[in-house]
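Open the model in a viewer with residue selection and side chains available. The stops below are given as selections, each followed by what is found there.

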Amino acid sequence: MYIIISQKIDTESLYEDKLYEIYHFPRRYANQIKEGDIFLYYQGDRYKKDNRYYFGTGVVGKIESEDDENYYAKLKYGKKFENKVPIYVTSIEVADGIDKYLESLGYLDVRNSPIPPWQRSIRPISEAAYNRILSYAGRLIGQNKNLFKNIDINEIGVNIENDDYEENIAEINFCEVEPPMEGMATMHRNGIIAATSPEKSADKAKKQKKLGDIGEKYVVEIEKRRLTEMKREDLLPLIEHVASKKDGLGYDIISVDVDETGKEQEIYIEVKTTKGNKETPFEVSVNEVEVSKRLSRSYYIYRLFGIKKEGKRVDYYKIKGAIDDNFQLEIVKYRTNGRRSK
């Protein structure tokens, strides 16, 4: 959920706030904010319109209260806007003469009236409005760097600087396509593999890992959108990016599916990502093959392909079941295990 939280920075506040770290609010707002919400900082001013603007974003962390009257939300992944964003712009029209207010975009997703409830210190905002405000914010400057360095981009819909791939996941169009035809073997090009230096090998491995990591994050978003389209937002907390915590499980993501009877079932997803086309072969480990056999009824390969720098579209296909039941496997590597005795 996206929310606005009012924070006075140009005038004195009565609350015990700590910018980008702690947000103090009274009990009447306790049901309007929860852990995991993505927030926008808003500086309000009852008397001066020019002193109303948005200036930062982040994620709501753990919320605590000692007396059930005063609540304190920990804030994480804070990003300060390079530009203060005013509450309205002249290029926006919403409906029936109510225009210019950025918070009015997509208002039907969060309230009945197009006019924002300015008097509320915490209020919902649509995803469309959130993204539009960010588009005017300029560069996003990290705050609270000890927290930000470990950020998971799936927890916040902002554009994190990246030299290679689009990580503003909210803007990406994910398109599921049919998998390659059965029985189609991939053509391989014969040739000599040139020796490479340790530095080049390490650089290649680093780039491959970066591509794999972003592919996994894309699939987490794909699963979130799938469950949201099913109107099962209650299942979103069950999506777990396990590969970000531990390697070698044989799958990268645990999600959940719902069958025709409404029964919920965990599914296990292995993600394979490439800049190549749909037919580009991919490597699998012995462990992944064996795990896919054991979990064949709930195991999926998600194959993302054609990944481009700063691309706004990602194509993918998915295949359910054991890997060796769905793909022709070819041995391409051996590992030594000591000297052979003569």
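Select Y54: this residue of the predicted model is buried, with a relative accessible area of 0%. Add Y42, which is also buried, at 3% relative accessible area. The two belong to one of the 17 aromatic pairs in the structure. Their ring centres are 5.5 Å apart and their planes meet at 45°, so the pair is classed as tilted. Y42 sits in strand β3 (residues 38–43) and Y54 in strand β4 (residues 53–65), 12 residues apart, so that the pair links distant parts of the chain.

Keep Y42 on screen and add R123. R123 lies over the face of the Y42 ring, at 4.6 Å from its centre.

Next, select Y20, F39, Y41, Y53 and F55, which together form one aromatic cluster.

Move on to F282 and F327. Their rings make an edge-to-face aromatic pair, with 5.2 Å from centre to centre and 80° between the planes. F282 is in the loop between β12 and α4, while F327 is in the segment after α5 (323–326); 45 residues separate the two.

P281 lies in that loop between β12 and α4 (286–294) as well. Is P281 buried, partly exposed or exposed? Its relative accessibility is 45%, so P281 counts as partly exposed. Show Q328 too: the C-alpha atoms of P281 and Q328 are 9.9 Å apart, against a sequence separation of 47 residues.

Now go to S292, in helix α4. S292 is buried, with a relative accessible area of 0%. What does the side chain of S292 reach? One partner is the backbone oxygen of V289, at 2.7 Å; another is the backbone nitrogen of I323, at 2.9 Å. Leaving aside neighbours within four places in sequence, the contacts of S292 are Y299, G321, A322 and I323.

For the last stop, select F174, Y218, V219, I269, Y302 and L304. Within the largest nonpolar core, of 24 residues, these touch the most other members. At least two residues of this core come from each of α3 (198–229), β11 (253–258), β12 (264–273), β13 (299–305) and β14 (313–320). The largest share is that of α3, with 7 residues. Centre the view on I269: beyond its neighbours within four places in sequence, I269 is in contact with V219, E223, Y251, D252, I253, S255, Y300 and Y302. Another core, of 19 residues, lies apart from this one; select L102, L105, A129 and L134, which are among its members.

How values were computed
Residues numbered from 1 in each chain as written. Predicted model: local features only at pLDDT ≥ 70, side-chain atom pairs only at ≥ 80, totals over all residues. Heavy atoms only, no water. Core = buried A, V, L, I, M, F, W, Y, C linked by side-chain atoms within 4.5 Å. Buried < 20%, exposed > 50% of the residue type's maximum accessible area, 1.4 Å probe, protein only. Helix = DSSP H or I, 4+ residues; strand = E, 2+ residues; numbered from the N terminus. Contact = heavy atoms within 4.5 Å. Polar contact = N/O pair within 3.5 Å; in protein donor to acceptor, adjacent residues only side chain to side chain. Phe/Tyr/Trp six-rings, centres within 6.5 Å; stacked < 30°, edge-to-face > 60°. Lys NZ or Arg CZ within 6 Å of the ring centre and 35° of its normal.
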